[in-house]
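Reader: I would enjoy a close look at one part of this protein. Could you take me through the aromatic residues and what surrounds them, and then show me a few other spots for context?

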Amino acid sequence: MTLFIELLQHSPLFFIILCGVLGLMVGSFLNVVIHRMPIMMEREWRAQCTELNADNTATNAAENANTTPYNLIVPRSACPHCGHKIGALENIPVISYLFLRGKCKACAAPISIRYPMVEAICGLLSGYVAWHFGFGLAAFAALLFVWMLIALTFIDFDTQLLPDDITLPLLWLGLMFNLANTFTDLPSAVVGAVIGYLTLWSVYWLFKLATGKEGMGYGDFKLLAALGAWLGWQMLPLMILLSSVVGAVVGITLMIVLRQGRNVPIPFGPYLAGGGLIALFWGQPLTQAYLNILAMP
């Protein structure tokens, strides 16, 4: 074990490759998380509704009939078209998709390109984390940060939900890692979490009072609080600016290209996540460049 750690410390290329491969494997698991967690949440909500409607025996019978375990482990992944169970050789990140030519082995139904895309994104970002931070606590922490943001991004795209089961652990992990000043000092992390939450909370209520509509969900508050806990309050203006600009560009593009109306909701979580990733890697130089521009006569 000692020799392995020394190899990671003294061989940056090996560390980058290892993290990239690990990222590919984690990306495969994140596909499961992205698909199943919203379903698990819906089942939990239905169970809670059933308990509240205990007198409705017909509803109880229907809900109780669906007692098959469903979580991130069971049942095994299967083709949604024919039910073919995915074997180990069919579950190699990216490679299996290319080998199968994007089709189910049993029924030849098309497999969504998003599965290898998530795996590839996760692998590339994991390798970049290893290159950017080098072997150490910061790299380990940043890997968790990146992986959780990837999961949140695609879940929000699909369902416009940001599950507490991810956002809240992300927040607490940020505070925990910053006990050792990994990305910022602990006071900045705590203040970042508070200001991050209150910023979007304030925007939410101002928008609702002005229009009578809800402009965003509470998950967005928690995600920005988590980003503040990881990177400190100093990075919040940059993250909000980046996410707002990207969100506005994407929203306008969708309205023009796809002719979507202004009333069609657009998830904000992916843009917050993108702003958080940019701030993680390039936050300091971007902030310094901005301050330098302001200081110019």
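Author: What follows begins with the aromatic rings and then moves outward to a loop, a pocket, some cysteines and a helix residue. Please keep in mind that this is a predicted model.

Let us begin with the overall count: the structure holds 18 aromatic pairs. One of them joins Phe145 and Trp230, whose ring centres are 4.8 Å apart with 50° between the planes, a tilted arrangement. This pair links distant parts of the chain, as Phe145 sits in helix H6 (residues 137-159) and Trp230 in helix H9 (residues 218-231), 85 residues apart. Both Phe145 and Trp230 are buried.

Trp230 has another partner to show you. With Phe177, Trp230 makes a tilted aromatic pair, at 5.6 Å from centre to centre and with 40° between the planes. Phe177 belongs to helix H7 and Trp230 to helix H9, so this pair ties together parts of the chain that are 53 residues apart in sequence. Phe177 is buried, as is Trp230.

Now step back to the wider group. Phe145, Phe177 and Trp230 belong to one aromatic cluster, which also includes Tyr128, Trp131, Phe133, Phe140, Phe183, Phe281 and Trp282.

Trp230 also leads us to a loop. Thr184 lies between helix H7 (164-177) and helix H8 (186-211), and Thr184 touches Trp230. Leaving aside residues up to four places away in sequence, the other contacts of Thr184 are Asn178, Ala189, Leu231, Gly232 and Gln234. Thr184 has a relative accessible area of 11%, so this loop residue counts as buried.

Next, a look at open space. The second largest pocket holds about 950 Å³. Its lining is made up of 37 residues, and those closest to the pocket centre are Ser77, Ala78, Ile86, Asn91 and Tyr115. Helix H2 (12-52), helix H4 (95-99) and helix H5 (114-133) each contribute at least two lining residues. H2 gives the largest share of this lining, with 6 residues. Sorted by class, the lining of the second largest pocket has 22 nonpolar, 10 polar and 5 charged residues.

The cysteines deserve a moment as well. Searching the whole structure turns up 0 disulfides. Cys79 is in no disulfide, and its nearest cysteine sulfur, that of Cys104, is 3.7 Å away. A disulfide needs the two sulfur atoms within 2.5 Å, so a separation of 3.7 Å does not qualify. Cys107 is likewise in no disulfide, with the nearest cysteine sulfur, that of Cys82, at 3.6 Å. As for their surroundings, Cys79 has 9% relative accessibility and therefore counts as buried, whereas Cys107 is partly exposed, with a relative accessible area of 34%.

Finally, here is a residue at the surface. Ile293 is found in helix H11 (residues 269-295). Its relative accessibility is 55%, so Ile293 counts as exposed. From Ile293 to Val129 the C-alpha distance is 28 Å, and the two residues are 164 apart in sequence.

To return to your request, Trp230 is a good place to start when you turn the model. From there you can find Phe145 in helix H6, Phe177 in helix H7 and Thr184 in the loop between H7 and H8.

Terms used: Residues numbered from 1 in each chain as written. Predicted model: local features only at pLDDT ≥ 70, side-chain atom pairs only at ≥ 80, totals over all residues. Heavy atoms only, no water. Buried < 20%, exposed > 50% of the residue type's maximum accessible area, 1.4 Å probe, protein only. 1 Å grid on protein atoms, 1.4 Å probe; cavity = no way out; pocket = protein on both sides within 12 Å on 5 of 7 lines; lining within 4 Å. Points joined across faces, edges and corners; volume = space filled by probe spheres on them. Helix = DSSP H or I, 4+ residues; strand = E, 2+ residues; numbered from the N terminus. Nonpolar A, V, L, I, M, F, W, Y, C, P; charged D, E, K, R; others polar. Contact = heavy atoms within 4.5 Å. Phe/Tyr/Trp six-rings, centres within 6.5 Å; stacked < 30°, edge-to-face > 60°.
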